[in-house]
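Reader: I would like to learn how to read a structure such as this one, feature by feature. Could you take me through it slowly?

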Amino acid sequence: MGRGTQQLPRIIIFDLDGTILDTEPVSLNAWIQAAAEYGLELSMDQATRFIGLTNQSVAELAKREFGEDLPIAQIFQRKRALTQVEFRAGIPLKKGVRELLATLQELGIRTCIATSSGKDRSNRFLQSVNLLDQFEFLISGEEVTHSKPHPEIFLRCLDHANVPANPAIVVEDSKNGIIGARRSGAKTVLIPDLVTVDEEMAANTDFVFESLLDLRDYILTLA
């Protein structure tokens, strides 16, 4: 859509892992390794179903899939230890993060984070890549009752910012995230990470971009 056909968003709500931080490959491999150490064969397809979920929702899904006796607390602990080792060398960013955020700041567009991950961990990761002060606030999975694809976390962001869903944009990389984003009433931008875009994801997406640089280019057409 060209200049003048839409207004600039008042706020852009970003997912964190897989959207801002390129952490999902490490996270999924850690899930698979941790599960294997406890005798569970977890495929990559099964592990990708965890993307965008809170820890509680991951536990519920895993127990439905593999049984109530699954030692999920121990697997969680081992998975966290494995990822911590990997991220000691640094946390990579998704393509275009700094360029997009600089453009949004120039245009006066507010930004925040809606992540299913824990608040302390998310703040620590953002601080480590010098991005914490680039976002006005962060709502974590610990602060909501319902996990994505429920829209609660996005609605909480809109309420906290005192901004209506229109004009607002949610940027996501996962199926759970993009469905929840659409249910919030905001415009949705999907930038796929590890999950193949299926019909349901496409139906819940206003725009699919290859990277955050493409989102920046789109925002500039509205300016």
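Author: Let us begin with strand pairing, and please keep in mind that this is a predicted model. Residue I12 has T111 as its bridge partner in β2, and this is one of four bridges that join β1 to strand β2, residues 110-115, with the two strands running parallel.

Reader: Which strand holds the residue that F14 stands opposite?

Author: F14 stands opposite V171, which belongs to β4. Strand β4, residues 168-172, is joined to β1 by four bridges, and these two strands run parallel. Strand β1 is thus a good place to look at both pairings together.

Reader: How should I think about the side chains of a strand, and which residues of β1 are buried on each side?

Author: In a regular strand the side chains alternate between the two faces of the sheet. In β1, residues 11-14, both faces are covered, with I11 and I13 buried on one side and I12 and F14 buried on the other.

Reader: Is T188 buried or exposed, and what does T188 touch?

Author: T188, which is found in strand β5, residues 187-190, has a relative accessible area of 0%, and because buried means under 20%, T188 counts as buried. Leaving out residues up to four places away in sequence, T188 touches V170, I178, A181, R182, N204, T205, D206 and F207. With R182 there is also a polar contact from side chain to side chain, at 3.5 Å.

Reader: Where is S122 found, and what lies 2.7 Å from a polar atom of its side chain?

Author: S122 is found in helix α6, residues 119-128, and the backbone oxygen of G118 lies 2.7 Å from a polar atom of the S122 side chain. S122 is buried, with a relative accessible area of 0%, and, apart from neighbours within four places in sequence, S122 is in contact with L16, T115, S117 and L138.

Reader: And is D159 buried or exposed?

Author: D159, placed in helix α7, residues 152-161, has a relative accessible area of 63%, and because exposed means over 50%, D159 counts as exposed. Between the C-alpha atoms of D159 and T48 there are 30 Å in space, while the two residues are 111 apart in sequence.

Reader: Let us turn to pockets. What is the volume of the largest pocket, and which residues are the closest to its centre?

Author: Rolling a probe the size of a water molecule over the atoms shows where empty space is left. Here the largest pocket has a volume of about 610 Å³, and of the 33 residues that line this pocket, N55, K79, S117, G118 and R121 are the closest to its centre. The elements that give two or more residues to this lining are α1 (24-37), α3 (55-66), α4 (72-87) and α6, and α4 gives the most, with five residues. By class, the lining of the largest pocket holds eight nonpolar, 14 polar and 11 charged residues.

Reader: How much space lies in the second largest pocket, and which element gives the most to its lining?

Author: The second largest pocket holds about 410 Å³ of space, and of its 19 lining residues the closest to the centre are T48, R49, I51, L61 and N176. At least two lining residues come from each of α2 (44-48), α3 and α8 (175-183), with α3 giving the most, four residues. The lining of the second largest pocket has six nonpolar, six polar and seven charged residues.

Technical notes:
Residues numbered from 1 in each chain as written. Predicted model: local features only at pLDDT ≥ 70, side-chain atom pairs only at ≥ 80, totals over all residues. Heavy atoms only, no water. Buried < 20%, exposed > 50% of the residue type's maximum accessible area, 1.4 Å probe, protein only. Contact = heavy atoms within 4.5 Å. Polar contact = N/O pair within 3.5 Å; in protein donor to acceptor, adjacent residues only side chain to side chain. Pairing = 2+ DSSP bridges. 1 Å grid on protein atoms, 1.4 Å probe; cavity = no way out; pocket = protein on both sides within 12 Å on 5 of 7 lines; lining within 4 Å. Points joined across faces, edges and corners; volume = space filled by probe spheres on them. Nonpolar A, V, L, I, M, F, W, Y, C, P; charged D, E, K, R; others polar.
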